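The following exercises are to be worked through with the sequence and the coordinates at hand. Each task is followed by a solution in steps.

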Amino acid sequence: MIDAECEAALCGLIAERLGIALQPHQLGRLHACCAEAFERFAVEDCGELCARLRSAPADDPVLAYLVRGVTVCESHFFRDARQMALLERELLPALIARRRAAGNLTLRLWSAGCSEGQELYTLLLLLHRLLPDAPAWNLHLLGTDINVNALHHAMEGCYREWSMRGVDEALRAAAFERLGEGVGARWRLRRERFPAQLRFQYLNLAEADYPSVFTGTIGQDLILCRNVFIYFERPTVRAILERFARALADDGALIVGACDHVPDGVPGLRLVAGEEAFHFRRDAAAAPPEAPPATLAGLPYVSPLVPPPPPSAPPAKASDTLGTLLREAHALAGEGRLEEAEAAARRAVAHDDMAPDGHFLLALVALERDQPRIAEGALRRVLLLDREHALGHYQLGVLRHQQGRAAAAAQALQRAREIIARRDPAAAVGEYGDGMTYGHLAELVSHQLELFDE
Ligand SMILES: C[S@@+](CC[C@H](N)C(=O)[O-])C[C@H]1O[C@@H](n2cnc3c(N)ncnc32)[C@H](O)[C@@H]1O
């Protein structure tokens, strides 16, 4: 049992460590979760549990356990008929038409707080319904969550009947395979029938890791963040919305849960009220949301709203050329202008083939453009030039995992972990880690390793 004082201390620690503000109705879960934690982690009492939570490193299982305990992952396919109608009849057809008209068959969609993947797979199914020529498109679908268990399920893509309540018979037959019978029966999404680049990864929305090329969260055409804001205090919700505004492409849209409380007047977002459902549009005309303070000496924070150096800028001095090209490539990538970013990264590589960062940026852009072979080649080059390049090892791990090479992925991440362990946790990872610190990268690596541990 935990008393009121202990409950308050635990709530404070959860807010501090995870950014999650527990609401009164969630306290029952906290109590149940703590009762089990005492036994599971051989903790004597609440004071000891608090002490452990206070000092636990990011990869301490007690933290992951707590996240699992206090987050509710309830979700199902085609959740909220009105929002689904808005997506299927208005937002997605209009977006597809704009992209076709521009001759750019690329779409980037993000389910933030994706739980077990039902929301992201719903988007995948909707897109394939709307795109008769789907294989010709580059469909990037990103699902992120703080609950690693839920992400495991998402990657597996197998669901119980309860999650399938929005799926009619015809779609079940076309898109799912039934595994087992009776109450234990599960439905596996036949992903092979729906080509797209799908990525599930750990991301705590309360932290400032986005938008960033590094977390794949830039230039989004559509963000769904539904039924997640219940976990946050109002200032955190506002900060998250501001980051979403920067993560959206110019004509991008954001959908939050129909019952989510969202503040008015978030810079960069315009509320569009429809008859049945509302959404937000990126408002490019509005004053851009203030970017976070510079995190790297001499380098401005790069957000999709920070324009690249104008073409008329005076030519850089010879000694500055590499840095200028790298910054240009990074800024263009941050804006989602991937072809131009690739060209700039190639110019950087041509200028100095021995500088790892040129190859690293080339790899990041190739990952974004769904060019795994180019990405792998560039990452190998990075690691040949700098064996201690933590981000290089990390990205190689992510890439190998996407290719289904679990053992090789784990190996690359272990290597990243060894390198990070020798660095100052408060130091910035490098010029192109978008302000990420080694401490934070350690967290990402350990969560990713947990995800690989299938
Ligand atoms: C109720 S589910 C919503 C799932 C899906 N968006 C939907 O509407 O069906 C809420 C999800 O938010 C996730 N979540 C909670 N706090 C989070 C945070 N700080 N960062 C990222 N995800 C978080 C939970 O783990 C859970 O999977």
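**Exercise 1. Classify the residues of the shell around the ligand.**

Solution. The shell around the ligand divides into 9 nonpolar, 8 polar and 5 charged residues. The classes are as follows: Ala, Val, Leu, Ile, Met, Phe, Trp, Tyr, Cys and Pro are nonpolar, Asp, Glu, Lys and Arg are charged, and the others, Gly among them, are polar. In total 22 residues surround the ligand, the closest being Thr71, Ser75, Gly113, Ser115 and Asn147; a residue counts as near if its C-beta atom, placed from the backbone, lies within 6 Å.

The model is predicted, with local features requiring pLDDT of at least 70 and side-chain atom pairs pLDDT 80 or more, whereas totals for chains, interfaces and linings use all residues. Residue numbers start from 1 along each chain as its sequence is written.

**Exercise 2. Establish the strand order of the 7-stranded sheet and examine its pairings.**

Solution. Strands (E, at least two residues) and helices (H or I, at least four) are DSSP runs numbered from the N terminus. Two strands pair if DSSP finds at least two bridges between them.

1. The order in this open sheet of 7 strands is β6-β2-β1-β7-β8-β10-β9, and the pairing is mixed.
2. β6 and β9 are the edge strands, each pairing on one side only.
3. At the β6 edge, β2 (residues 138-145) runs parallel to β6 over 6 bridges, and Gly143 has Phe200 of β6 as its bridge partner.
4. At the β9 edge, 5 bridges join β9 (residues 269-273) to β10 in the antiparallel sense. Val272 is bridged to His279 in β10, and a hairpin of 4 residues connects β9 to β10.
5. β10 (residues 278-282) also pairs with β8 (residues 248-256), antiparallel over 2 bridges; here Leu254 has Phe280 as its partner.

**Exercise 3. Describe the 3-stranded sheet.**

Solution. This open sheet has the order β3-β5-β4 with antiparallel pairing. β3 (158-160) and β4 (176-179) each have a single partner strand, so one side of each lacks a neighbour in the sheet. Between β4 and β5 (residues 186-189) there are 4 bridges in the antiparallel sense, and Glu177 stands opposite Arg188 in β5.

**Exercise 4. Determine how α1 and α3 are arranged.**

Solution. The axes of α1 (residues 4-18) and α3 (residues 46-55) come within 10 Å and cross at roughly 10°. Axes are lines fitted to C-alpha atoms, for helices over the stretch in contact, and angles run from 0 to 180 degrees between N-to-C directions. The two helices α1 and α3 are therefore roughly parallel, the class for angles under 35 degrees. Cys6, Ala9, Leu10, Leu13 and Arg17 of α1 meet Cys46, Cys50, Leu53 and Arg54 of α3, with contact defined as C-beta atoms, placed from the backbone, within 7 Å. By class, this contact has 7 nonpolar, no polar and 2 charged residues.

**Exercise 5. Check the length of α2 and identify the unusual backbone geometry.**

Solution. The expected span is 1.5 Å times one less than the number of residues. For the 14 residues of α2 (residues 27-40) this gives 20 Å, which agrees with end C-alpha atoms 20 Å apart. Most residues other than glycine have a negative phi, and most peptide bonds are trans. Ala42, in the loop between α2 and α3, has a positive phi of about 50° although it is not a glycine. The peptide bond from Tyr210 to Pro211 is cis, with omega near -5°, and Pro211 lies in the loop between β6 (197-202) and β7 (220-225).

Definitions and conventions. Parallel < 35°, antiparallel > 145°, perpendicular 65-115°, else oblique. Contact = placed C-beta atoms within 7 Å.
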